[in-house]
Amino acid sequence: MTNTNDLPAKSPQDSAVETRHLVLPNDANHYGTAFGGAIMSWIDSIGAMSAQRHSGREAVTVSIDRINFITPIQIGDHVNLKAMVNYVGTTSMEVGVQVNRENPYTGEMVRATTAYLSFVALDQNKKPCPVPPLKLETDLEKRRFAEGKLRIEMAKEFAAKIKAGRKII
């Protein structure tokens with residue numbers, strides 16, 4: 001268990017969400033590739049759904065730790081997004097999102113984008129509240145949890161360095 005609250009642990013699979021989009025001309029730039037902003041919007045939406053499923057509460061985006069655009073997505077491509085909670089703290093959750101481009105005629109799938117987002121669960125007064133711990137069962141879930149923890153620790157260390165650097169100037 002990752003925190004000391006009394007909530008029952010949930011597996012990452014309990015928070016898993018999958019959705020699809022068709023890239024239309026309004027989603028794309030003049031080169032015929034999907035706008036990064038459109039993809040980011042889809043990522044944020046599915047990430048929030050995953051965080052809500054895990055916490056059983058309203059969950060809001062705190063940050064996007066990283067987003068990697070690996071390969072372009074074209075008008076007419078199908079976009080498959082998968083999200084699940086990788087790591088939890090006391091009130092926050094890291095959600096990993098995988099975006100695959102699918103050729104609608106051949107079914108070929110190619111990884112297009114990956115992202116890691118942090119969400120916080122809110123109570124009825126819109127204040128942060130505890131989230132269930134993660135029940136890690138597979139080696140993959142354990143690896144994702146460890147990597148999520150490392151990303152959170154690195155973000156805190158980076159923020160502290162930035163804050164310390166501002167005192168110098």
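This passage describes the fold of a single protein chain, from its sheet to the helices that pack on it and to one residue in a central position of the description.

The structure is a predicted model, and the mean pLDDT of the protein chain is 94, with 97% of its residues at 70 or more. Confidence varies along the chain, being lowest in helix H2 (residues 139–168), where the mean is 91, and highest in strand S3 (residues 78–88), where it reaches 98. According to an unreviewed UniProt entry, residues 13–125 are listed as "domain: HotDog ACOT-type"; over these residues the chain is 18% helix and 48% strand, and the end C-alpha atoms lie 28 Å apart.

The strands of the model form an open sheet of 5 members, arranged in the order S1-S3-S4-S5-S2 with antiparallel pairing. Strands S1 and S2 are the edges of this sheet, each of them pairing on one side only, and the twist from one strand to the next averages 25°. In general, the strands of a sheet pair through backbone hydrogen bonds, in either a parallel or an antiparallel manner.

The individual pairings can be followed across the sheet. Strands S3 and S4 run antiparallel and are joined by 10 bridges, and Tyr87 stands opposite Glu94 of S4. The antiparallel pairing of S4 with S5 extends over 11 bridges, with Ala115 in S5 as the bridge partner of Val97. These two strands, S4 and S5, also form a hairpin with 6 residues between them, and Gly107 in the turn has a positive phi of about 80°. On the other side of the pairing order, S2 and S5 are antiparallel over 10 bridges, and Arg66 stands opposite Tyr116 in S5.

Strand S5 has 10 of its 14 residues buried, and it is therefore largely enclosed by the rest of the structure. Thr114 lies in this strand and has a relative accessibility of 16%, so that it counts as buried, the cut-off for a buried residue being under 20%. When residues up to four places away in sequence are not counted, Thr114 touches Arg66, Ile67, Asn68, Ile70 and Val97.

Helix H1 (residues 36–55) has 20 residues, which at 1.5 Å a residue should span 28 Å, and its end C-alpha atoms are 28 Å apart, so the expected and modelled spans agree. Just after H1, Gly56 takes a positive phi of about 70°. Many positions of the helix are recorded as buried, among them Ala38, Ile39, Trp42, Ile43, Ile46 and Gly47, and also Ala51 and His54. An α-helix has 3.6 residues a turn, so residues three or four places apart point the same way. The buried residues of H1 pack against strand S1 (17–22), strand S2 (58–69), S3, strand S4 (92–102) and strand S5 (109–122).

The two helices H1 and H2 can be described by their directions relative to S3. Helix H1, which packs on the sheet and touches S1, S2, S3, S4 and S5, makes an angle of about 45° with S3, whereas helix H2 lies across S2, S3, S4 and S5 and runs at about 75° to S3.

Methods. Residues numbered from 1 in each chain as written. Predicted model: local features only at pLDDT ≥ 70, side-chain atom pairs only at ≥ 80, totals over all residues. Heavy atoms only, no water. pLDDT = per-residue confidence, 0-100. Helix = DSSP H or I, 4+ residues; strand = E, 2+ residues; numbered from the N terminus. Expected span 1.5 Å × (residues − 1). Buried < 20%, exposed > 50% of the residue type's maximum accessible area, 1.4 Å probe, protein only. Contact = heavy atoms within 4.5 Å. Pairing = 2+ DSSP bridges. Axes fitted to C-alpha atoms, helices over the stretch in contact; angles between N-to-C directions. UniProt positions renumbered as here; feature names shortened; annotations may be inferred.
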